[in-house]
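I open this notebook to record what I looked up in the structure shown below. The entries follow the order in which I made the look-ups.

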Amino acid sequence: MDVQICKNYEDLSTKACARVAAWIAEKENSVLGLATGSTPEGMYEKLVEQHQKGELSFRQVSTFNLDEYIGLPADHPLTYRAYMNDHLFSKVDLLAANTHLPDGQATDLMAECARYEALLQEAGGVDLQVLGLGHNGHIGFNEPETPFSSATHVVDLDVKTREANARFFDNKNDVPKKAITMGIETILAAREILVLVSGADKAEALRGMLYRESTPAFPATALQQHPNVTVLADEQAANGLSG
Ligand SMILES: N[C@@H]1[C@@H](O)[C@H](O)[C@@H](COP(=O)(O)O)O[C@@H]1O
């Protein structure tokens, strides 16, 4: 993995934005794999800025998000669809039909997982997958002990993950208990992977991803098997690396 240490979150966001823009410049109809969470917010902001300056068009781009909560009403402000509308979709020229997230409201969840996986294949697979990193090493919502061979599937969210995401909800009991996520094999099929890691609280997870032996006990170690991974870490997250 190519690890680039960024001065701060601003720098990390600028570099992440540049990588996404480079893919779109090279391949107009790029397929982007997108992540939610706090970490990519700065990157989305910068992508929107570039679009508003007329420097970047998403007209031919398709997007596939990693994951979605199960059971939140479609109009709930904390669905990942709502997050993506707020941070990117409503602010750039992406065609609505080209933006994809798993449907957390589907009545047949297994069928929904299969549909999502098939749609990804039809689109030709992901060119650039943006990832955040969970404290327990999760990527997407692939929690510890998820087989590396997993495709898109339904997950029971880890207690730690629900606690980490409780900050967005009024009441921590409102955090959904289940989600649909791309699997680890789905993620590894991307042509390039960009992992964003910010903040001192992620330092241990970053070390785990880089230095632990590849093990389902720490899902992000699966990325060690991918030939084209760039990690953008700010100094706080990178503190203590190679120590
Ligand atoms: N499902 C998301 C992940 O896709 C995200 O990358 C991760 C880190 O989130 P954050 O960037 O807010 O720390 O946790 C969430 O639970």
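**Entry 1: the sheet**

I began with strand pairing and found that β6 and β9 pair in the parallel sense over 4 bridges. I note that the model is a predicted one. Within this pairing, V130 stands opposite L194 of β9.

I then followed β9 to its other partner, strand β10, which covers residues 229-234. These two strands run parallel and are joined by 5 bridges. I looked up individual partners in β10: V231 is the bridge partner of V195, and L232 is that of L196.

From β10 I went on to β1, which pairs with β10 in the parallel sense, again over 5 bridges. One bridge I noted here has C6 with D234 of β10 as its partner.

I next wrote down the whole sheet. It is open and has 7 strands in the order β1-β10-β9-β6-β2-β3-β5, with parallel pairing. The edge strands are β1 (2-6) and β5 (99-100), each of which pairs on one side only. For reference, I add that strands of a sheet pair through backbone hydrogen bonds, in either a parallel or an antiparallel sense.

**Entry 2: enclosure and connection of β9 and β10**

I checked burial in β9, residues 192-197. Because 5 of its 6 residues are buried, β9 is largely enclosed by the rest of the structure. I repeated the check for β10, where 5 of the 6 residues are buried, so β10 is also largely enclosed by the rest of the structure.

I then looked up what joins with these strands: β9, helix α7 (residues 203-211) and β10 make a right-handed β-α-β unit.

**Entry 3: the annotated span and positions**

I consulted UniProt, whose unreviewed entry lists residues 11-226 for "domain: Glucosamine/galactosamine-6-phosphate isomerase". In the model, the end C-alpha atoms of this span lie 25 Å apart. The span is 33% helix and 14% strand.

The feature "active site", from an unreviewed UniProt entry, is placed at D67, N136, H138 and E143. I examined two of these positions, D67 and E143.

Is D67 buried or exposed? I recorded D67 as buried because 23 other C-beta atoms lie within 10 Å, the threshold being 20 or more. D67 lies in strand β4, residues 67-69. Leaving aside residues up to four places away in sequence, D67 touches Y80, P102, G140, F141, A179, I180, T181 and M182.

E143 is found in the loop between β6 (128-131) and β7 (153-156). E143 also counts as buried, because it has 22 C-beta neighbours inside 10 Å. With residues up to four places away in sequence left out, the contacts of E143 are N136, H138, V155, L157, D158 and T161. I note that N136 and H138, which E143 touches, are themselves among the positions given for the "active site" feature.

**Entry 4: a second residue of the β6-β7 loop**

I also looked at E145, which has its place in the loop between β6 and β7. Its phi is near 80°, a positive value in a residue other than glycine. As background, most residues other than glycine have a negative phi. E145 is exposed, because 11 other C-beta atoms lie within 10 Å and the limit for this class is 12 or fewer.

**Entry 5: surroundings of the ligand**

Which residues come nearest to the ligand? Of the 13 residues around the ligand, I listed A35, G37, S38, T39 and G132 as those that come nearest. I then sorted the shell by class and obtained 3 nonpolar, 9 polar and 1 charged residues.

**Entry 6: helix α4**

My last look-up was Q121, found in helix α4, residues 109-122. Q121 counts as exposed because it has 10 C-beta neighbours inside 10 Å. I also took the separation between Q121 and T186: the two are 65 residues apart in sequence and, C-alpha to C-alpha, 9.7 Å apart in space.

Terms used:
Residues numbered from 1 in each chain as written. Predicted model: local features only at pLDDT ≥ 70, side-chain atom pairs only at ≥ 80, totals over all residues. Near = placed C-beta within 6 Å. Nonpolar A, V, L, I, M, F, W, Y, C, P; charged D, E, K, R; others polar. UniProt positions renumbered as here; feature names shortened; annotations may be inferred. Contact = placed C-beta atoms within 7 Å. Pairing = 2+ DSSP bridges. Right-handed = clockwise from strand over helix to strand, strands pointing away.
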